[in-house]
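Reader: I would like a close look at one part of this model, namely the cross-link and the pocket beside it in the discussion, with enough of the surrounding fold to place them. Please take it step by step and keep the reasoning visible.

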Amino acid sequence: MKTLLHLLALACCLTATGAAQAPATPVSDALRSIAQRQEKNLVAAAEEMPADKYGFKPTPAQMSFGKVIEHLSEGNDYLCSKIGGVEAPKRSEVKETAPKDKLVARLKETFEFCQSALAKVNDSALSGKVPFFGNSEVTRAEAMFATAEDWGGHYSQLAVYLRVNGLLPPTAKRKQE
């Protein structure tokens, strides 16, 4: 009987220890992980495209490569500030026609801001409302998912732009190495 009680006590301790080690913020941690991966991919894509191709767009109706980088930078500041509940940095304007090095530098800056803005986000406030474009509000969770979706969509867009110009997107290069 004593052995059974000792085993039960040990099982309770191990279960409590395992639960204590489980992340308390799996959704927020997932967004931070996605942000790191997308930063790597999006910045590498921006660096891969030659400077003279930043005006490239597959059709007249689409954004130019430089416009996508500008759009991502503005989106990062807006979305990460709303999710993180912090003020977006006041930055000088960098237009799509700016030189490649300025657009890439701005994209990097905005991902650095995202890292700091998302650092303290936790899952306890996922149902809280945050401003989201215009006068609408969404849950923090929805803003988080929309941000991850936006990064993925724009990476796909840039990957197509690169391929149409005879270049491999960063994720395709890693598979070949």
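Author: **The disulfide and the largest pocket**

In this predicted model, a disulfide joins cysteine 80 to cysteine 114, with a sulfur-to-sulfur distance of 2.1 Å. The structure holds 1 disulfide, and a bond of this kind is a covalent link between the sulfur atoms of two cysteines. Because the torsion about the S-S bond of cysteine 80 and cysteine 114 is about 95 degrees, the disulfide is right-handed. Cysteine 80 belongs to helix 3 and cysteine 114 to helix 4, so the pair ties together parts that lie 34 residues apart in sequence. Cysteine 80 and cysteine 114 are both buried.

The two helices, which span residues 65-84 for helix 3 and 100-118 for helix 4, come up again at the largest pocket, where each supplies at least two residues of the lining. That pocket has a volume of about 150 Å³; rolling a probe the size of a water molecule over the atoms shows where empty space is left. Its lining is made up of Glu70, Ser73, Glu74, Asp77, Pro89, Arg91, Ser92, Glu93, Val94, Arg106 and Thr110. Helix 3 gives the most to this lining, with 4 residues. Sorted by character, the lining residues of the largest pocket divide into 2 nonpolar, 3 polar and 6 charged.

One of these lining residues, aspartate 77, deserves a separate look. Aspartate 77 is found in helix 3, and because its relative accessibility is 10%, below the 20% limit, aspartate 77 counts as buried. Once its neighbours within four places in sequence are left aside, aspartate 77 is in contact with Ala88, Pro89, Arg91, Thr110 and Phe113. Among these partners, Pro89, Arg91 and Thr110 also appear in the lining of the largest pocket.

Two further residues can be set beside aspartate 77. Glutamine 38 lies in helix 2, which covers residues 26-48, and with a relative accessibility of 12% glutamine 38 counts as buried. Beyond its neighbours within four places in sequence, glutamine 38 is in contact with Val43, Phe111, Trp151, Gly152 and Tyr155. Asparagine 122, by contrast, sits in the loop between helix 4 and strand 1, the strand being residues 129-131, and because its relative accessibility is 30%, asparagine 122 counts as partly exposed. When residues up to four places away in sequence are not counted, asparagine 122 touches Thr25 and Ser28. Asparagine 122 and threonine 25 are 97 residues apart in sequence, yet their C-alpha atoms are 5.5 Å apart in space.

The wider fold gives these local details their setting. The protein chain has 6 helices and 2 strands, and along the sequence these follow the pattern α-α-α-α-β-β-α-α. Of the contacts in the protein chain with a separation of 6 or more, 69% are accounted for by residues 24 or more positions apart. Buried residues make up 37% of the 177 residues in the protein chain, while the area that the protein chain exposes is about 10,200 Å², with carbon and sulfur atoms supplying 58% of it.

Read together, the part you asked about rests on two elements: helix 3 and helix 4 carry the two cysteines of the disulfide, and both helices contribute to the lining of the largest pocket.

Terms used:
Residues numbered from 1 in each chain as written. Predicted model: local features only at pLDDT ≥ 70, side-chain atom pairs only at ≥ 80, totals over all residues. Heavy atoms only, no water. 1 Å grid on protein atoms, 1.4 Å probe; cavity = no way out; pocket = protein on both sides within 12 Å on 5 of 7 lines; lining within 4 Å. Points joined across faces, edges and corners; volume = space filled by probe spheres on them. Nonpolar A, V, L, I, M, F, W, Y, C, P; charged D, E, K, R; others polar. Disulfide = S-S within 2.5 Å. Buried < 20%, exposed > 50% of the residue type's maximum accessible area, 1.4 Å probe, protein only. Contact = heavy atoms within 4.5 Å. Areas by Shrake-Rupley, 256 points an atom, 1.4 Å probe, with all protein chains shown as cover.
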